[in-house]
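Welcome, and please open your viewer! We will take this tour one selection at a time.

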Amino acid sequence: MGDPEPTSRTVIGVCNLCEAICGLRLTVEGDRVTSVRGNPDDPLSRGHICPKGVSIGDLHHDPDRLRRPIRRDRMTGEWSEIGWDEALDLVADRLAETINRHGGDAVGVYLGNPNVHSLGFATHGVPLVKALRTRNRFSASSVDQIPHQLVASLLYGHQLMIPITDIDRTSYFLVFGANPMASNGSLMTVPDFPNRLRDLKARGGRMVVVDPRRTETARVADEHVFVRPGTDAVVLLAMLHELFEIDGAVRPAAYVDGVDQVRDAVRDFSPEHAEAVSGVSAWTIRRLTRELAAADGAAVYGRIGLSTQDFGSVCQWAVACLNALTGNLDREGGVLFTEPAIDFVTSGLIGRGHFDLYRSRVRGAPEHGGELPVSVLAEEIETPGEGQVRSVLTIAGNPVLSTPDGKRLRAALEEIDFMAAVDIYLNETTRLADVILPPTTILERDHYDIAFHGLAVRNTARFTPAVFDKPRDARHDWEIFRELALRIVDRLERKLSRRARMKLRLRLLPSPTFAIGTLLRRGRRTTISELRKRPDGVDLGPLRPTLPDRLRTPDRRIDLAQEVILADLQRVRNELAGPTEGLLLIGRRHQRDCNSWMHNVDRLTRGRPRHQLLMHPDDGAKRSIVDGETVRVASRVGSVDVEVALTDDVMPGVVSLPHGYGHTGNPGMARAADVPGVSINDLTDPDRLDLSGNAALNGVPVTVEPV
């Protein structure tokens, strides 16, 4: 008799591969996922699923995914498997040795984007990072969203008090530098965006997109307005200027201060000046402002395209001012704050945020929330002296592909004393490590999404138990973090106090699931027992007005006239004084991409290539470039050779490369190595920073010529 056929079962799951946190229904046979569908009973995602969610089983079963620790022989470059205790001891020994010999700042930590999707990092990873006692902490946030967080902390008193578009009730949705058709929302968790947009239009609403590229979102908008990269600030400031010219348009809530100072600050940012700089006509700027002011419930939303430019913080501040001054802040149909079951604002789980408490050693770049800009990491490794980074720990990240001037960072990492990584792949960064510690995947561990329930367009809660049991010789990420923290602390010559050691052990002892149960009880909106009984999730209702009580500012008021922002307006005046010549580079993303780490999944890399440089036909003709040929793109920091696609989806003077490509020659990810493309971050410039320290990845001056 042969082996019996494995029984098929349906399991409720969750996708944590992007911010949409969609509920899933998985068909499982034995230890294999055989199909994945959206869960129609999930109160937030409502059955929506994108190609990434469909591929979650492929990721779990990927033969290239690391299952056990590996160590690299620096002499031969060969990798070999080692046991968990040996691997954890080796990492703890070397990191503690670095701290004991050179001080805590000699260890650098880089945290990649997947950490925010990990319950284990929230409960156990943060204590590990704190145990290292280093100021050289870096993360993907500083190539992404720090302007959002800075403005939120200044205006509302907490770095993650980010107003969320009330997409299900708004009548006018004005979008700058965001592409929710591809991203499923970002710092606005909005699964099923296509249907929500259809509903918006069905009730007579409008969506207008302002972007240098005709994105997937721009294609379905009621109107798309091209804007020259890096000039959104003057457009938004001109809209504020115009708003003050419209009788009755400025109607902030009683708890909003600084209105007159804002009026004075934007007085010289006229629509005509903005037109000359940005390419957006003065007539269009005035019309959009009047439409915004007249709408019965409107929301201005700006995302990564705004944050990753030279004036990202000014842009996000201007967006906040437009929402507040038109009376759309804390209004149904406008922008509102969430009230999640686990509230990272009121619970203290995530700090309020601080800015410029200290600066980087070499360049003097400001910290935000205890992190330095990742753009300074390479120079902190290269430059000798006290505080030089000599060892690095990366957690779920690939900064060689994801941060500015990746080639320089790769060269710096090749020279450090020791490097360890917590990661499931041998990628372009982790291949430089001495030891890699691979955790389980989302299908092998319990999950509750702390961050994105708190940034969603509706208040819901959902706890998802592991689909599969953890393999015997595997470790969850939180178990790795716990063991590293305890072993490193035990090896430090400068001992923690007995009280501090006990506090650390108590923090690390409970499992993430136990911690979530405790936090849910404190929040008093649901319990983990209820969520276990209702695996589809619990609907806690639509967003609702909560201000001024929810504000975390000392006086429960909002002061729009923030000095650090107003002072930066002079830099806007100086650097955006008139039109510029030449080509400017912008990034882009695709629904099937997830930064740099999903390209090893065959299902997500099939079909038409999407790695090309996009260029307007007029710019191609000027340079004798024909569609499909290989061109050389060069910036101040480097050059790449890539195929070009001529298209009017980008405005003249703009070229675009996707983010997260450039895997060629990586034997650790066989499928990704065959995916064509180059890394845009071999062109982006680490010297270009917003005042917050966020990298200015968009609007990079480049030249393009045939090879």
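**Stop 1: a loop residue.** Start by selecting Ser-141, which sits in the loop between β7 (137-139) and α5 (146-156). Keep in mind as you look around that this is a predicted model. Is Ser-141 buried or exposed? Its relative accessibility is 19%, and buried means under 20%, so Ser-141 counts as buried. Now show what surrounds this residue: leaving aside residues up to four places away in sequence, Ser-141 touches Ile-146, Gln-149, Glu-371 and Asn-694.

**Stop 2: a covered strand.** Next, select residues 391-395, which form strand β17. How many of its five residues are buried? The count is five of five, and the strand is described as mostly covered. In a regular strand, side chains alternate between the two faces of the sheet. Try colouring the two sides of β17 separately: Ser-391, Leu-393 and Ile-395 lie on one side, Val-392 and Thr-394 on the other, and all are buried.

**Stop 3: the neighbours of β17.** Strands of a sheet pair through backbone hydrogen bonds, either parallel or antiparallel. Add residues 107-111, strand β6, to your selection; β6 pairs with β17 in the parallel sense over five bridges. To see one of these pairs, look for Val-107, whose bridge partner in β17 is Ser-391. Then add strand β18, residues 418-422, which runs parallel to β17 and is joined to it by five bridges. Here, Thr-394 has Ala-421 of β18 as its bridge partner.

**Stop 4: two helices.** Two packed helices are described by the angle between their axes and the distance between the axes. Select helix α9 (residues 232-243) together with helix α11 (residues 271-278): they pack at an angle of about 165°, and their axes are 9 Å apart. Angles over 145 degrees count as roughly antiparallel, so α9 and α11 are roughly antiparallel to each other. Their crossing is left-handed. To view the contact, show the side chains of Val-234, Val-235, Ala-238, His-241 and Glu-242 from α9, and of Pro-271, His-273, Ala-274, Val-277 and Ser-278 from α11. By class, this contact has six nonpolar, three polar and one charged residues.

**Stop 5: a barrel.** Finally, trace the six strands of a closed barrel in the order β25-β29-β26-β28-β27-β30, where the pairing is mixed. From one strand to the next, the twist averages 45°. Zoom in on β27 (residues 630-634) and β30 (residues 700-706), which run antiparallel and are joined by four bridges. End the tour at Arg-632, whose bridge partner in β30 is Glu-705.

Note on methods. Residues are numbered from 1 along each chain as its sequence is written. This is a predicted model: local features need pLDDT of at least 70, side-chain atom pairs count only at pLDDT 80 or more; totals for chains, interfaces and linings use all residues. Side-chain values use heavy atoms; hydrogens and water are left out. Two strands pair if DSSP finds at least two bridges between them. Axes are lines fitted to C-alpha atoms, for helices over the stretch in contact, and angles run from 0 to 180 degrees between N-to-C directions. Angles under 35 degrees count as roughly parallel, over 145 as roughly antiparallel, 65 to 115 as roughly perpendicular and the rest as oblique. A crossing is left-handed if the near helix is turned anticlockwise from the far one by less than a right angle, and right-handed if clockwise. Contact means heavy atoms within 4.5 Å. Ala, Val, Leu, Ile, Met, Phe, Trp, Tyr, Cys and Pro count as nonpolar, Asp, Glu, Lys and Arg as charged, and the others, Gly among them, as polar. Buried means under 20% relative accessible area, exposed over 50%, partly exposed in between (1.4 Å probe, protein chains only).
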